[in-house]
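Biologist: Could you take me through one part of this protein slowly, please? I'd like to see how a helix or two sit against their surroundings, after a quick word on the whole chain.

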Amino acid sequence: MVTSIITGIAIFIKLLYFNNLIGGRIYSITGLVISLIGALLILLCLMPVIKAKWRVRSMLILDIVITLLIISNLLFYRYFNDIITLPVIAQIIMVGSVSSSVINLIHASDLLFFIDFLILIPAYIKANKQSQYAKYFYVKHRWPMRVLLSIALLAAGFVFSYYGIYLLDKNQPNILTTFYDKSYIAQHIGLINYHAIDAFKYIKEEMQKKPLNEDEKEKIKLWFKEKNALTPEEREYYGLGRGKNLMVVQVEALQGFVIGKKINGMEITPNLNALIEKSIYFENYYCETAAGGTSDAEFLVNTSLYPLKNGAVYMKYPGNYYYSLPKILKEKGYVCFAMHAYKPGFWNRSVMYPSLGFDEYLNKNHYEHDEVIGMGLSDKSFFRQSMDYLKNVKGPYYAFLVTLTSHYPYDNTEAYNNALNVGELKGTFLGNYLEAIHYADASLGYLIDRLKEEGLWDNTVLAVYGDHYAISKDRKDELADFLDIDDMNDYMWVKHQKVPLIIHLPGDEGAGVRTIPGGGLDLMPTLLNIMGIDSKTVPMMGRDLLNSDEGLAVMRNGYFIDDNYLCLPADGAAYDVKTGNPYPIENLKDKIDNIFMELDISQKILENDMVEEIRNYLLNNKE
């Protein structure tokens, strides 16, 4: 028993040390210590009922396994700035062999993880000869006492682990559902509990999967064939961006209601307003993200597939094959960059971006953090350093930039130096958001000026859009007051879940406002048309907004907005999209059925990794 206790203490110290190496704080986080103790009690719960000689060997094996688990995660973290998950293990080879660099990843200090073996192995050998105490314990104290002790250890372990997990979920709601920051989870509940939850989620999801039969697959492939057959032969704006650089900027929490809006006589987004005057502006472009938040917005734009009904694609299916926007552009000779100055492991981007086909991912480790606002590098510094890099790239290139400063909770107002006079809203949630977006707008103005200064403006197709909503529904009354809306009912709320989409073409071609409804699903097909790429053999669920007779925006819960109606199937309600008057939802039954069929098709494609199969089918069945 003494050996077991000493081994448990050694493992506990190793796990704390590992936590420190991945950026966790040890002494200030109660939940971490409690979680680690709980995990160790669970691991040790069987020791009282194991015979002495096997118990000693079991402790040695446990120590070795935990040490190897720590070292594996540590090396992975140094390479990817992230923690291992079961779905990711199979993808390590895909994203780049770690083995070729493993020597460089090992630090001399890593030997500290093995020091305990120098002390414990002799103790294991000695203990293996069964001391008189061990014989006394296993003879005198028969099964009832040992079983009760095991049960007590197991129960205490679950209570301690649960409490640590509870604290994490309380402080960061939904993080255990989405797993958007794996290293953060490990830092707060320990590596063992993290892997236990990850394994549980993975096994549960695998068990819930329902493999498709060939008939179901054929129906899905036929759906895409019929959809793509509707693509018109003559398309407006086709090829106007051919051979040009493509820059897509995803702006954090940029919601549509700020566009063209003033407060105390000042424009909230003066630079975007000016850009709209010379660009194609889609004023009815809706947020279609789900639990994946920002990562869902990225996924929608680069694959034209719906997000998952539960969880995030970036976390669940990073190893799937995607015939994405960067992969298609690479076939045309483009070099593709993803740029986001935050932790590379956040939302699993370090794995997902290579899977999407980006040649290089410039992340937190590639930028000098000379100006930090809120979560990380300021937007202005991010754009400045990104342009310093891109101006030397021999085009054409596709640059996908994701901003950060205007991230919730929008409370970094001191950095903005009162650039926007929000008056009585100063210090309020909404006032802080307006100041943050005003700063984001100024940063976008800087980016546009740099493109012009570097002589790239007339050789670049620029698309700017917001990733998702900024104002949550529990603050709808604040938004209603700001927009002078008397009743922020369901119709008004859903109608305001818009994000701006602005596409600027060289020479200000096509400038004007488009009223067609759409969402993130539609940006990829719209851009492929502009870039002069035939999309008839590309499996996309969105539509080219510049060449579609009908518009449609679908939210993951089945809500949709088309040219005539706003429909909320789960609520049994529908409205005239222009007047807000109620409309008989039964009249929309066929459309509702089609919407849910599309959502189901997208879900099945992701669950069964079908994109490549559909792509090959479309290639072989061209008409």
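Modeller: Happy to! Let's start with a term: two residues are in contact when they have heavy atoms within 4.5 Å of each other. Please keep in mind that this is a predicted model. Among contacts in the protein chain between residues at least 6 apart in sequence, 74% join residues at least 24 apart. The chain holds 25 helices and 18 strands, and 56% of its 623 residues count as buried. Its C-alpha atoms fill a box of roughly 90 × 60 × 55 Å along the principal axes. A compact globule of 623 residues would have a radius of gyration near 25 Å, and the 28 Å of this chain agrees with that.

Now to the helices, beginning with α14, which spans residues 270-277. Its buried residues are Leu-272, Asn-273, Leu-275 and Ile-276. These residues lie on the same side of α14, because they cover an arc of only 160° around the axis. As background, an α-helix has 3.6 residues a turn, so residues three or four places apart point the same way. What covers the buried residues of α14 includes the strands β3 (266-267), β4 (280-282), β11 (460-466) and β12 (501-504), along with helix α20 (429-453).

Let's look at that helix partner. The axes of α14 and α20 are 7 Å apart and meet at an angle of about 50°, which makes α14 oblique to α20. From α14, the contact is made by Pro-270, Asn-271, Leu-272 and Leu-275. From α20 come His-438, Asp-441, Ala-442, Leu-444, Gly-445 and Ile-448. By class, this contact has six nonpolar, three polar and one charged residues.

For a second view, follow the chain to α15, residues 293-303. Here eleven of the eleven residues are buried, including Asp-296, Ala-297, Leu-300 and Asn-302. Just after α15, Ser-304 takes a positive phi of about 55°.

The partner to examine here is α18, residues 349-356. The two helices pack at an angle of about 5°, with their axes 12 Å apart, so α15 is roughly parallel to α18. On the α15 side, Thr-294, Glu-298, Phe-299 and Thr-303 make the contact, while α18 brings Arg-349, Met-352, Tyr-353 and Leu-356. Sorted by class, the residues of this contact divide into four nonpolar, two polar and two charged.

Methods
Residues numbered from 1 in each chain as written. Predicted model: local features only at pLDDT ≥ 70, side-chain atom pairs only at ≥ 80, totals over all residues. Heavy atoms only, no water. Buried < 20%, exposed > 50% of the residue type's maximum accessible area, 1.4 Å probe, protein only. Helix = DSSP H or I, 4+ residues; strand = E, 2+ residues; numbered from the N terminus. Arc of directions from axis to C-beta. Axes fitted to C-alpha atoms, helices over the stretch in contact; angles between N-to-C directions. Parallel < 35°, antiparallel > 145°, perpendicular 65-115°, else oblique. Nonpolar A, V, L, I, M, F, W, Y, C, P; charged D, E, K, R; others polar. Rg over C-alpha atoms; globule rule 2.2 N^0.38 Å.
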